[in-house]
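These are my notes from a first look through a structure that was new to me. I kept one entry per topic.

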Amino acid sequence: MAIVSMCVLSSLPLMSMDTRKKTEVIIVHHSATSGGSVETIRRYHKEVNKWEDIGYHYVITNGNGGKDGVVHAGRSEELTGAHAGKGRNQNSLGVCLIGNDTFTEKQIEALTKHLATLCVKHKITPSAKTIQRHHEECPGNGIDLDKVIQKVKELMAEKS
Ligand SMILES: [Zn+2]
C-alpha cells in the first residue's frame with residue numbers, strides 16, 4: 001500500500017475536514033495497488049497519513065478486495081477531500097479506481113455512470129477541464145479518460 005501515499009503525497013496532511021463550497025471538477029485517481037477497498041484505503045489514510053478520514057469521496061473496487069465495478073462512498077461528498085493537493089481539493093470530488101496498470105471493464109462502466117450522475121447532480125458539463133486526471137501517472141495508462149468523458153456526454157444526452 002506504500003504507493004498509495006505517492007498518489008496523495010501532494011495533499012496537505014492534518015487538514016481538517018471543511019465543507020466544500022463548490023463542486024466544479026471531478027478528479028480521477030487510482031490506488032496503484034492490485035486490490036483494496038474503501039476500508040483498506042481509509043485505514044491507510046487515517047493510520048499512515050494521519051488524516052481524519054479517507055481522502056477520496058468514492059472508491060471503485062475491482063474484484064480483489066471488493067466486488068468488481070462497485071462504487072463505494074468514502075469521505076462524505078459535501079466535505080473537502082484530500083486527494084489532489086492544495087487548491088485542487090477545494091472545488092473537486094475525488095474518485096479512486098482500485099488497480100495498478102489495468103482496470104476492469106466493469107470498473108470503467110461504473111466510473112462512467114457515476115461521473116454522469118455526479119455531473120447531473122452538481123451541474124457540471126463533462127469536458128477535459130471538468131473531469132481530470134490527478135496527474136500524468138494517476139490514474140495511469142489503464143484508462144482512456146477522453147473516451148470515458150465522451151461516454152459520459154452520451155449518457156447525459158440520453159437521459160436529458
Ligand atoms: Zn491520484
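Before looking anything up, I fixed my terms: a residue counts as buried if 20 or more other C-beta atoms lie within 10 Å of its own, as exposed if 12 or fewer do, and as partly exposed in between. I also noted that this is a predicted model.

Entry: confidence.
I looked up the pLDDT to begin with. The mean for the protein is 91, and 90% of its residues reach 70 or more. Over residues 1-6 the pLDDT is below 50, although this stretch has 13 contacts in the model beyond near neighbours in sequence. Where pLDDT is low, the predicted coordinates should not be read in detail. I left that stretch alone.

Entry: the sheet.
I asked in what order the strands of the open sheet lie. The 5 strands follow the order S3-S2-S4-S1-S5, and their pairing is mixed. S3 (71-73) and S5 are the edge strands, each pairing on one side only. I noted an average turn of 25 degrees between neighbouring strands, direction ignored.

Entry: strand S1.
I then followed S1 (residues 25-30). With S4, S1 pairs in the parallel sense over 6 bridges, and His30 has Leu97 in S4 as its bridge partner. S1 and S5 also run parallel, joined by 3 bridges. On that side I found Val28 opposite Arg133 in S5. Is S1 largely enclosed or largely open? Of its 6 residues 5 are buried, so S1 is largely enclosed by the rest of the structure.

Entry: the nonpolar core.
The largest nonpolar core has 29 residues. Among the members that touch the most others I wrote down Ile26, Ile41, Val59, Ile60 and Val95. The elements giving two or more residues to this core are S1, H2, S2, S4 (92-97), H3 (105-121) and H4. Which element gives the most? H3 does, with 6 residues. In soluble globular proteins, nonpolar side chains tend to be buried together.

I picked Ile60 for a closer look at contacts. Leaving aside neighbours within four places in sequence, Ile60 is in contact with Gly69, Val70, Val71, Val95, Leu97, Ile98, Gln107, Ala110 and Leu111.

Entry: backbone oddities.
I searched for positive phi values outside glycine. Ala32 has a phi near 60 degrees and sits in the loop between S1 and H2. Lys50 has a positive phi of about 65 degrees and sits in the loop between H2 and S2 (58-60). I then checked whether each of them is buried or exposed. Ala32 is buried, because 22 other C-beta atoms lie within 10 Å. Lys50 has 9 C-beta neighbours inside 10 Å, so Lys50 counts as exposed.

I also looked for a cis peptide bond. The bond from Cys138 to Pro139 is cis, with omega near 10 degrees. Pro139 lies in the loop between S5 (131-133) and H4 (145-159).

Entry: Lys46.
Last, I looked up Lys46, which is found in H2 (residues 38-47). Lys46 has 14 C-beta neighbours inside 10 Å and therefore counts as partly exposed. Which residues is Lys46 in contact with, leaving aside its neighbours within four places in sequence? I found Trp51 and Asp53. I also checked Glu77, 31 residues from Lys46 along the chain: the C-alpha atoms of the two are separated by 18 Å.

Notes
Residues are numbered from 1 along each chain as its sequence is written. This is a predicted model: local features need pLDDT of at least 70, side-chain atom pairs count only at pLDDT 80 or more; totals for chains, interfaces and linings use all residues. Helices (H or I, at least four residues) and strands (E, at least two) are DSSP runs, numbered from the N terminus. Two residues are in contact if their C-beta atoms, placed from the backbone, lie within 7 Å. A nonpolar core is a set of buried Ala, Val, Leu, Ile, Met, Phe, Trp, Tyr and Cys residues joined through C-beta atoms within 7 Å. Two strands pair if DSSP finds at least two bridges between them. Axes are lines fitted to C-alpha atoms, for helices over the stretch in contact, and angles run from 0 to 180 degrees between N-to-C directions. pLDDT is the predictor's confidence in each residue, from 0 to 100.
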